[in-house]
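Got your viewer open and a cursor ready? Let's take a walk through this one together, stop by stop.

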Amino acid sequence: MQHFDVLVVGAGISGIGAGYHLQTLCPGRTYAIFEGREAIGGTWDLFRYPGVRSDSDMYTLGFSFRPWKEAKAIADGPSILNYLRETAAAFGIDKHVHYGRQVKRAAWDSAQSRWTVDYEEGLERTHAQVSCGFLFMCAGYYNYAQGHRPQFAGEDQFKGQIVHPQAWPEDLDYAGKRVVVVGSGATAVTLVPEMARTAAHVTMLQRSPTYVVSRPAEDAFANSLRKRLPAKLAYDIVRWRNVLGQMYLFNLTRKRPELVKTKIIDMVRAELGPDYDVATHFTPRYNPWDQRLCLVPDADLFETIRNGTASVVTDHVEAFEAAGVRLKSGRTLDADIIVTATGLDMQLMGGLEVVVDGAPIELAKTFSYKAMMYSGVPNLASTFGYTNASWTLKADLTAEYVCRLLNHMNRRGFTECRPVNDEALEAAPWLDFTSGYVTRAMHRFPKQGHKAPWRVYQNYALDLMAFRYGAVEDGVMRFSNPRQPATRSRRRPQAAAARA
Ligand SMILES: Cc1cc2nc3c(=O)[nH]c(=O)nc-3n(C[C@H](O)[C@H](O)[C@H](O)COP(=O)(O)OP(=O)(O)OC[C@H]3O[C@@H](n4cnc5c(N)ncnc54)[C@H](O)[C@@H]3O)c2cc1C
């Protein structure tokens, strides 16, 4: 059986970043990236709906090690995909990617200190196995096979076309057509202005409003700095400015939600004018950052509402009918195309089945260690980005920490590292977001505890200190080597561990 020191699963932002960190910080280790699809880029290759773009700035969504040099800070999907492909090629990471290998199951054998990984390969889905010393799951956070798609009454009556953004038909022609987009999340606010360019009319049909914030697509400061300073220096400065700005805003929101809420809604009112019903369509019932804010570049959504090519309806779907959608209020919306922008189906570690020494692991019963490993599960880490900042900030830190862990084990002759929870922890859901896609899935995710290292901090600065500088031997992570009978884990006094 082929063996790698580290097996990375997934070749999106996280997997490419993992490859870079492994080959840079752990140069002696062999690694491979198994990717289930036939392409690199993950999300940015899968999603092909019109106007697909980032909703955070590319100075923080880009990698720490490769500057984003394009003019647009809020970038379109194809540019992001290009950046990912180029990054993978520039560092030779693409040579480590094995395409069409869908990882299904991983079984840990403590006596051997290794994972046996089952995967399916190619169109025939041939079963095969590989082994590795460490498994690094970079499989994203949602089900690639399908999005969340509630069934609506009367769907079969509808004479037009129903489309889900995760499976956008390449040849869908919506020019001159009446479109209803069901949803009000990031995807809906992206699709509406883009489709409104050529559609007869686009209606965003939402059950309840979302916070929508406009920002310039281009960052004038970043673009000017890049002309004066070396690209990497300019990138680092803008990255830190954005990280700190984002943290400041998030903390302000937590401390003074009413103030931030009023500011956001005032901005919407300034865009749409005094006669627009902002209270009904753009005033959410929750506080900002209880769910992710929706960013629109250069106020494009508001522009289409102003010029009448798009509109927002806040109501509930009663049923689909031949000519469109009937709403609970009794109103009907005529449509040729209905886009169900109803969200993602969150999934942990690409649906991986985990077995440790013959015992299946129910990941929902574990506690998450440093938001990347699982209590009782050895030599396995997974990447999950921030909910209140760009994904890549956390992906970079996670990969860096995994490399520290591997190097530490190498130096001290350990072959196994296992976070062990032997104290009473107050369990809380892994994410404290109220978004539908999160609440639907949290029962399948591990829990977080009330204190480090079991707590999930949505805070880049705290994570940076803990992941980059915190002690690897923290009294919770147990190290061992089955070939050396006495366990060599050093348990540090709790006070010192807490300081670390
Ligand atoms: C439309 C859209 C816009 C977004 N915009 C932003 C944004 O602006 N800012 C932000 O921070 N985040 C954004 N996100 C979140 C986004 O997914 C992350 O930013 C980032 O792309 C995730 O990268 P990843 O590599 O961790 O996961 P993914 O991009 O999901 O890649 C995971 C890869 O793993 C592969 N894989 C999964 N399971 C298996 C398996 N079992 N075996 C083998 N391979 C497997 C998949 O095929 C895929 O290629 C957005 C998400 C979507 C859907």
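Start by selecting Lys-365. This residue counts as exposed because its relative accessibility is 65% (buried means under 20% relative accessible area, exposed over 50%, partly exposed in between, with a 1.4 Å probe and protein chains only). Now add Glu-362 to the selection: the two side chains meet in a salt bridge, 3.3 Å from N to O. A salt bridge here is a side-chain nitrogen of Lys or Arg within 4 Å of a carboxyl oxygen of Asp or Glu. Glu-362 itself is partly exposed, with a relative accessible area of 49%.

A quick word before moving on: you are looking at a predicted model, where local features need pLDDT of at least 70 and side-chain atom pairs count only at pLDDT 80 or more, while totals for chains, interfaces and linings use all residues. Residues are numbered from 1 along each chain as its sequence is written, and side-chain values use heavy atoms, with hydrogens and water left out.

**More salt bridges**

How many salt bridges does a search of the whole structure find? It turns up 28. Select Arg-292 and Asp-55 for another of these pairs, with N and O 3.7 Å apart. This pair ties together distant parts of the chain, 237 residues apart: Arg-292 is in the loop between α9 (278–281) and β11 (294–297), and Asp-55 is in the loop between α2 and α3 (58–61). Helices (H or I, at least four residues) and strands (E, at least two) are DSSP runs, numbered from the N terminus. Arg-292 is partly exposed at 25% relative accessible area, and Asp-55 is partly exposed too, at 23%.

Next, jump to helix α10 (residues 300–306) and pick out Arg-306 and Glu-303, which sit three residues apart, about one turn of the helix. They form a salt bridge, their closest N and O atoms being 2.9 Å apart. Arg-306 is partly exposed, with a relative accessible area of 43%, and Glu-303 is partly exposed at 39%.

**The ligand**

Now select the ligand and show what surrounds it. Which residues come nearest? Of the 32 residues around the ligand, they are Ser-14, Glu-35, Asp-55, Ser-56 and Tyr-144 (a residue is near if one of its heavy atoms lies within 4 Å). You have already met Asp-55 in its salt bridge with Arg-292.

Turn on polar contacts, meaning pairs of N or O atoms within 3.5 Å; within protein, one must be able to donate a hydrogen and the other to accept it, and residues adjacent in sequence count only if both atoms are side-chain atoms. A ligand oxygen is 2.5 Å from an N or O atom in the side chain of Ser-14. At Thr-43, a polar backbone atom is 2.8 Å from a ligand oxygen. At Asp-55, a polar backbone atom is 2.5 Å from a ligand oxygen.

How much of the ligand does the protein bury? Taken alone the ligand exposes 970 Å², and 95% of that is buried by the protein; the areas come from the Shrake-Rupley method with a 1.4 Å probe, and for residues only the protein chains shown count as cover. Color by element of structure and you'll find α1 (13–25), α2 (43–46) and β4 (101–109) each giving two or more residues to the shell. The largest share, three residues, comes from β4.

**Two buried side chains**

Zoom to Asn-481, in the loop between β25 (477–480) and α14 (494–499). Is this residue buried or exposed? With a relative accessible area of 10%, Asn-481 is buried. A polar atom of its side chain lies 2.7 Å from the backbone oxygen of Gly-413, and the side chain of Asn-481 also reaches the backbone nitrogen of Arg-483 at 2.9 Å.

Then select Gln-448 in strand β24 (residues 447–448). Gln-448 counts as buried because its relative accessibility is 8%. Its side chain reaches the backbone oxygen of Trp-430 at 3.3 Å, and a polar atom of that Gln-448 side chain lies 2.8 Å from the backbone nitrogen of Val-456.

**Last stop**

Finish at Gly-183, in the loop between β8 (178–182) and α5 (186–196). Gly-183 counts as buried, at 14% relative accessibility. Select Thr-340 as well: the C-alpha atoms of the two are separated by 6.9 Å, though the residues are 157 apart along the chain.
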